[in-house]
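Please find below some remarks on the model, set out as numbered points to be read alongside the coordinates.

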Amino acid sequence: MMREKILELKNLKKHYPVLGGILRRQVNSVKALDGIDLDLYRGECLGLVGESGCGKTTTGKAVIRLHDPTSGEINFYHKGSDVPVDIARMGRGEMKKRDIRRKLQMVFQDPTTSMNPRMLVKNIIAEPIRECEKLGSRELDERVKSLLRLVGLDDHHLLRYPHEFSGGQRQRLAIARAVATNPEFIVLDEPTSALDVSVQAQILNLLKDLQQKLGMTYLFITHHLFVVKYISTRLAVMYLGKVVEISDTGELFSNAMHPYTHALLSAIPDTDVDAEPDRIVLTGDVPSPLDPPAGCRFNPRCPFATDLCRNEEPVLEEVGEGHKVACHRKFELAQLSKR
Ligand SMILES: Nc1ncnc2c1ncn2[C@@H]1O[C@H](COP(=O)(O)OP(=O)(O)OP(=O)(O)O)[C@@H](O)[C@H]1O
Ligand SMILES: [Mg+2]
């Protein structure tokens with residue numbers, strides 16, 4: 001089956017300025033997202049994992065243009081078109097005019113911060129629809145009701161306020177609002193991390209279900225590899241503003257090649273600890289994205305780093321069908337782990 005692209009990120013960067021001195025001039029920048037190349041295919045769920053601060057949320061916000069990227073391209077392919085438009089620098093008005101705005105949505109970890117506490121559920125969900133369509137009030141009401149049902153809530157929830165809901169229900173509301181405009185692509189930023197385990201599973205099932213019913217593409221951001229193992233078809237691993245490894249989910253779990261991916265995998269709680277004699281344990285914190293280390297960004301924490309790693313930045317290279325790794329020693333290390 002030919003995979004159809006929906007988004008193509010090319011050398012995408014987002015640097016946040018750091019101001020200093022009495023003149024409040026820019027003295028440095030936080031390289032939160034420092035040049036990533038990534039293709040997303042229609043209908044897939046791509047997991048994006050990595051430690052806190054590595055730039056996952058920044059990536060999500062830049063892709064849907066909640067934040068303006070510093071440089072690079074975001075090529076968006078309209079449904080059925082093989083000619084993309086670069087939306088990296090497109091104005092908000094232009095995006096709305098070309099009907100792109102509503103097609104890109106985002107769901108956050110904590111829905112309370114993105115919902116007006118004084119607004120009724122009915123209006124919270126109707127708001128994004130009003131922005132892109134003119135509907136009569138009866139029609140709008142029907143649409144809102146059917147969205148509530150779609151996410152497992154009821155008509156009687158219409159006239160309530162967000163604080164009257166449980167965390168899981170509030171996340172359902174956030175999802176209803178995100179799918180209200182029939183988006184093609186949704187960034188899910190830790191959508192289940194604030195919920196307890198049983199509710200997490202329900203929300204994951206709901207998201208999986210909706211993806212199939214509505215044919216959406218997801219970028220699923222999380223710290224928890226085992227969460228995305230269940231829902232993602234492919235996984236990208238980020239470290240300090242860069243993608244260091246990407247492959248199909250199964251391949252990543254069975255055949256990870258980057259030492260950082262190995263470290264993330266061995267951090268998953270496992271009852272059978274003895275099964276992995278050469279676990280890589282991550283020590284120290286992620287270095288500051290103000291001044292990323294020279295060479296490979298992972299080198300100060302990597303047990304296998306050599307002079308080459310300290311001096312030259314590795315590029316993301318294809319090592320197998322759809323499997324890419326950015327590590328100078330990938331082949332030697334693969335030999336090591338096979339022994
Ligand atoms: N608005 C901002 N202004 C300045 N720096 C920012 C801003 N937003 C994020 N950063 C910095 O950019 C880096 C990446 O942040 P980001 O939120 O993308 O990480 P993350 O991978 O989503 O982390 P977490 O898992 O904790 O959510 C961090 O060093 C963060 O401090
Ligand atoms: Mg984040």
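**Notes on the predicted model**

1. Setting aside the residues within four places of it in sequence, Leu282 makes contacts with Ala263, Ala267 and Arg301. The structure is a predicted model, and these contacts should be read in that light.

2. Leu282 lies in the loop that connects helix H9 (259-266) with helix H10 (307-311). Because 17 other C-beta atoms lie within 10 Å of its own, Leu282 counts as partly exposed, the threshold for a buried residue being 20 or more. The C-alpha atom of Leu282 is separated by 9.4 Å from that of Pro303, although the two residues are 21 residues apart along the chain.

3. The open sheet has 8 strands in the order E6-E7-E8-E3-E9-E10-E12-E11, and its pairing is mixed. Strand E6 (104-107) and strand E11 (317-320) each have a single partner strand and stand at the edges, so one side of each lacks a neighbour in the sheet. From one strand to the next, the twist averages 25°.

4. At the E6 edge, E6 and strand E7 (residues 185-189) run parallel and are joined by 4 bridges, with Val107 standing opposite Leu188 in E7.

5. Around ligand 1 there are 13 residues, of which Tyr16, Ala32, Ser52, Thr57 and Thr58 come nearest. Strand E2 (25-41) and helix H1 (56-63) each provide at least two residues of this shell, and H1 accounts for the largest share, with 3 residues. By residue class, the shell around ligand 1 comprises 5 nonpolar, 7 polar and 1 charged.

Methods. Residues numbered from 1 in each chain as written. Chains lettered and ligands numbered in written order. Predicted model: local features only at pLDDT ≥ 70, side-chain atom pairs only at ≥ 80, totals over all residues. Pairing = 2+ DSSP bridges. Axes fitted to C-alpha atoms, helices over the stretch in contact; angles between N-to-C directions. Near = placed C-beta within 6 Å. Nonpolar A, V, L, I, M, F, W, Y, C, P; charged D, E, K, R; others polar. Buried ≥ 20, exposed ≤ 12 C-beta atoms within 10 Å, placed from the backbone. Contact = placed C-beta atoms within 7 Å.
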